[in-house]
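Reader: I am new to reading protein models, and I would like to understand how the words used for one are justified. Could we go through it together?

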Amino acid sequence: MHSCISCSVPFPILQSGYLLIMQEEQKKYLCYSYDSLQQLATYVETIVPKEKTFVALCKNPDSPGPFIPLHELSMRIKHEDVVQCITNGPLTSYLQPIIHTKTGDIFGYECLLRSHHFSPKQLFSVAQQTGLHTFLDRRAREEAIRARTKIKKGIKSFINFLPSTIYNPEFCLRHTFSIVEQYEVAPEDLVFEVVETEKIIDIDHLKNVFATYKRSGMKVALDDVGAGFSTIDMLTLLQPDYVKIDRHYIQNCDQEKEKQAFLKEVTRIAQTLGIHVLAEGIERKEELDYCREIGIPFAQGYYIGKPSPNPL
């Protein structure tokens with residue numbers, strides 16, 4: 001099963017059937033029959049022009065399925081094993097602990113998507129190439145919410161999301177909210193955070209996404225503050241509940257004055273705005289000690305605990 005680019009509705013890549021080809025500026029489509037995936041791949045790679053071409057697969061050419069860009073179909077055939085994992089394969093959510101720096105008590109867990117066969121980087125890279133990033137992002141949110149069954153009420157779950165996959169927040173997040181209700185998860189225990197690989201381009205759109213989460217009683221977070229796209233200016237513009245400081249500024253922060261100045265400034269501004277600061281990427285006791293010393297309330301990293309299938 002594969003996914004429609006616009007709404008993530010699954011559809012199959014058929015072993016045999018018809019390949020329909022439509023140019024963007026045309027209303028009619030060409031039709032080729034094929035008897036194997038190898039023949040389909042040959043059509044896709046050699047016969048069909050590559051630019052501004054959309055394709056569909058079907059058993060009956062009079063009832064075409066959803067059309068997707070040709071290059072995405074090509075990538076789905078090329079990475080068929082990864083695509084199968086994305087759409088139908090077993091996925092799970094590993095949990096990395098987040099602590100109170102003052103007490104060491106567990107504050108929450110970041111939920112991280114995992115597969116037994118492919119790395120997260122492989123999954124999201126292929127998803128991006130094949131137009132399945134919306135589908136995978138939604139699956140990742142679902143698995144993170146299901147993981148709440150392992151976590152006590154009152155402990156936060158930090159769940160990553162890609163703003164670019166949420167076209168219309170009220171519509172696109174409806175399914176996520178239904179999973180929250182299905183598993184009887186307290187909305188206030190969920191924190192949805194912009195993932196580190198996502199560049200913030202449309203501020204108004206992200207504001208709308210944040211507002212939709214907040215209206216449902218959930219919290220929101222900015223990841224990797226200081227990494228370029230999530231600058232300190234974004235704190236004032238977006239007013240998140242939490243900010244995660246990019247690990248670059250945490251590494252050896254007990255030794256480097258420039259990083260110390262940045263951390264103190266972010267902490268000062270966040271406190272003024274009522275935003276909670278979280279230091280990620282803690283790998284040494286000295287880094288944790290310094291963050292505690294300057295008033296950063298939350299922290300995560302390998303020194304504290306690695307991602308695990310069960311809560312540490």
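Author: What follows is a set of questions about a predicted model, each answered by setting a value against its definition.

Reader: How do you know how far the predicted coordinates can be trusted, going by pLDDT?

Author: The predictor gives each residue a confidence from 0 to 100, and on that scale the protein averages a pLDDT of 88, with 92% of the residues scoring at least 70. Residues 1–6 are another matter, since pLDDT stays under 50 there, although the model has 34 contacts beyond four places in sequence for them. Where pLDDT is low, the predicted coordinates should not be read in detail.

Reader: What makes β4 and β6 edge strands of their sheet?

Author: The sheet is an open one of four strands, with antiparallel pairing, in the order β4-β3-β5-β6. β4 (30–34) and β6 (68–69) each have a single partner strand, so one side of each is left without a neighbour in the sheet, and that is what places them at the edges.

Reader: How do you know that β3 and β4 pair?

Author: Two strands count as paired if at least two bridges are found between them, and β3 (residues 17–23) and β4 are joined in the antiparallel sense over five bridges, so the condition is met. Within this pairing, Gly17 stands opposite Tyr34 in β4.

Reader: What does helix α1 touch when it packs on the sheet?

Author: Helix α1, which covers residues 37–47, touches β3, β4 and β5 (53–58), and its direction makes about 145 degrees with that of β4.

Reader: Why is a group of residues called a nonpolar core, and which members of the largest one touch the most others?

Author: The name is used because the members are buried residues of nonpolar kinds, such as Leu, Phe and Tyr, joined through side-chain atoms within 4.5 Å. The largest such core has 54 residues, of which Phe161, Tyr213, Leu222 and Leu263 touch the most other members. Leaving aside neighbours within four places in sequence, Tyr213 is in contact with residues including Phe161, Ile166, Leu173 and Val220. Apart from the largest core lies another, of 15 residues, among them Leu14, Tyr43, Val48 and Leu70.

Reader: How many residues of the protein are buried, as a percentage?

Author: A residue is called buried when its relative accessible area is under 20%, and such residues make up 52% of the 312 in the protein.

Reader: Which domains does the protein have, and how far apart do their centres lie?

Author: The domain assignment gives domain 1 (17–70) and domain 2 (90–300), and their C-alpha centres lie 40 Å apart.

How values were computed
Residues are numbered from 1 along each chain as its sequence is written. This is a predicted model: local features need pLDDT of at least 70, side-chain atom pairs count only at pLDDT 80 or more; totals for chains, interfaces and linings use all residues. Side-chain values use heavy atoms; hydrogens and water are left out. Helices (H or I, at least four residues) and strands (E, at least two) are DSSP runs, numbered from the N terminus. Contact means heavy atoms within 4.5 Å. Axes are lines fitted to C-alpha atoms, for helices over the stretch in contact, and angles run from 0 to 180 degrees between N-to-C directions. Domain bounds come from an automatic or database domain assignment. Buried means under 20% relative accessible area, exposed over 50%, partly exposed in between (1.4 Å probe, protein chains only).
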